[in-house]
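Got your viewer open and your selection tool ready? Let's take a walk through this one, stop by stop.

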Amino acid sequence: MRKIPVEDIEEGMVLAEEVRDDRGGMLLNVGDKLRKTYGTKLLAWGVAEISVEGEDSAPRAHNSKPANGQRLPKEVEEKILERANHRFAKVMEEPSMRKILDLSVKHLLARTARGQGPI
Amino acid sequence: MQHFGNTAVAIDPTACTAVQTEQLKELVGNIDNIPTLPTVIAEVTEAIRDPRVDASHVGQIISRDQALSAKTLRLVNSAFYGFPRKITNVTRAIIVMGFNKVRNLALTASVLDTFKSRDKDFDYAGLWKHSLGTAIAAEVLAKMVKAGDTEDVFVSGLLHDIGKLVMALYAKEAFARIRDYVERNDVLMLNAEMELYEIDHGLVGAWLADEWKFPPKLTRAIRLHHNPEAAREFQEIIYITHVSDILCRALEIGNGGDRRIPQLSRTVWAALRLNESMLDKCMSEIFEGLDKAKDFLELLK
């Protein structure tokens, strides 16, 4: 089970936790199959995030979801991951460096997704 | 003290082997005209040591160098500090920001001149960005770990790699060999330096810092930013500089001269009580800080 921003809903995803509106009224039930169009509707109801079935996204620089949920072109994303993996290749034995790798990739992807260039 | 030609070099004998001293002598001993800091900086540093000195007196010292004043005020008025109204003279800047901050900005403005080389051999602009990034990261980290000093860490971050600059400008052959080694073996510049010359840019930078009569705290931070475990004093600033350098490389801020990243020392990780959530926040704030520091980068042009 993992939490995703509603903008990231893909056709066929399965809801893992019920979604209610702000008055407690049921909007969607556990097990409901999601449609891509649900994203905008949920936002209109004030729901920003939902839980879907499936594994937690792998952290080790395979994470293709930048923090704000926007998708980057595949080549851009791949380049960032490639550089990061190369940079950290010789220090991966060290747990602290793995943490720094994951965090930095998250920040770099998010920044690029927002259209903010490199410094 | 060791004497190399006309240059007296004070090197801590516990931090340097005889071989290293020889190598350093070979690299920098022939430098006749090392970059000099404007005398204004030394005067200001001296003046603010006196607890009785007032803002107006220090303001006057800086104002004597018009170009430096102008650049300093540009930094004071940058989005980085976000003052609601423009500060138009140095004395006012000191009253608002304090002696140390203004002194550090004047230092930043004057050091920058040495990074302006148009030499195509090396990415000077990239090194400046990396240095500025490390300075900002150091300030962010110092506040986050509630360090005793949040001022000098900025200067330490800014100048930690100044040894690379010295070599790029004044030891061109050696630097070319180092860069070539880095290119062919895809290692840290640090590794190439140690392999070829048994000294690192930390030692070269510390030599320059000494020439510029910097306090031992700063000299030591420059000297040991890649070897923080050797620190016997001033651990805080050394550790913070060590981590800040690594964070900037991870975030691809500027260009340190190679495509790798140094390993963060376990001693430092424990001593600063680092954790993921702290580093996550740091990274956000580092980028925020740099976005606001556009004026600092503009000064390069």
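Before you click anything, here is one term you'll need: two residues are in contact if their C-beta atoms, placed from the backbone, lie within 7 Å. Also keep in mind that this is a predicted model.

**Stop 1: chain A as a whole**

Select chain A. Among its contacts between residues at least 6 apart in sequence, 66% join residues at least 24 apart. Chain A has three helices and four strands, and if you follow the sequence they come in the pattern β-β-β-α-β-α-α. Of the 119 residues in chain A, 20% count as buried.

**Stop 2: helix α2 of chain A**

Now select residues 74-88 of chain A, which make up helix α2. This helix has 15 residues and reaches 21 Å from its first C-alpha to its last, close to the 21 Å expected at 1.5 Å a residue. Which residues of α2(A) are buried? Colour A:E77, A:I80, A:A84 and A:F88, and you have them. They cover an arc of only 65 degrees around the axis, so they sit on the same side of α2(A). There's a handy rule behind such patterns: an α-helix has 3.6 residues a turn, so residues three or four places apart point the same way.

Show α3 (95-113) of chain A as well, since the buried residues of α2(A) pack against it. Then spin to the other side of α2(A), where A:K74, A:E75, A:E78 and A:E82 are exposed.

**Stop 3: over to chain B**

Select chain B and colour by confidence. The pLDDT averages 87 here, and 91% of the residues score at least 70. Over residues 1-11 of chain B, though, the pLDDT is below 50; beyond near neighbours in sequence, this stretch has 15 contacts in the model. Among the elements of chain B, strand β1 (residues 2-4) has the lowest mean pLDDT, at 38, while helix α14 (residues 235-250) has the highest, at 98. As for the overall scores, the model gets ipTM 0.86 and pTM 0.77.

**Stop 4: where the chains meet**

Show both chains together. How many residues of chain B are in contact with chain A? There are 19, and they meet 17 residues of chain A. On the chain B side, α7 (124-144) and α16 (276-292) each supply at least two residues. The one that gives the most is α16(B), with six residues. By class, this side of chain B has 10 nonpolar, three polar and six charged residues.

**Stop 5: helices α9 and α10 of chain B**

Select residues 172-185 of chain B, helix α10. Its 14 residues should span 20 Å at 1.5 Å a residue, and the end C-alpha atoms are indeed 20 Å apart. In α10(B), B:F175, B:I178 and B:V182 are buried. Their arc around the axis is only 60 degrees, which puts them on the same side of α10(B). What covers these buried residues includes α9 (162-170) and α11 (189-197) of chain B. Turn to the other side of α10(B) to find B:E173, B:D180, B:E183 and B:R184 exposed. Right after α10(B) comes B:D186, whose phi is positive, near 50 degrees.

Next, highlight α9(B). Seven of its nine residues are buried, so α9(B) is largely enclosed by the rest of the structure. The buried ones are B:I162, B:G163, B:K164, B:L165, B:V166, B:M167 and B:A168.

**Stop 6: the cores**

The largest nonpolar core has 103 residues, and those with the most contacts inside it are B:A106, B:V204, B:V243, B:L247 and B:I286. The element that gives the most to this core is α7(B), with 11 residues. Zoom in on B:V204: not counting residues up to four places away in sequence, it touches B:L24, B:L27, B:V28, B:G163, B:V166, B:M167 and B:I199. Apart from the largest core lies another one, of five residues, among them A:I9, A:Y38, A:L42 and A:I50.

**Last stop: a loop residue**

Finally, select B:E229, in the loop between α13 (216-224) and α14 of chain B. Is B:E229 buried or partly exposed? It has 13 C-beta neighbours inside 10 Å, so B:E229 counts as partly exposed. Leaving aside neighbours within four places in sequence, B:E229 is in contact with B:S265 and B:T267.

Note on methods: Residues numbered from 1 in each chain as written. Chains lettered and ligands numbered in written order. Predicted model: local features only at pLDDT ≥ 70, side-chain atom pairs only at ≥ 80, totals over all residues. pLDDT = per-residue confidence, 0-100. Expected span 1.5 Å × (residues − 1). Buried ≥ 20, exposed ≤ 12 C-beta atoms within 10 Å, placed from the backbone. Arc of directions from axis to C-beta. Nonpolar A, V, L, I, M, F, W, Y, C, P; charged D, E, K, R; others polar. Core = buried A, V, L, I, M, F, W, Y, C linked by C-beta atoms within 7 Å.
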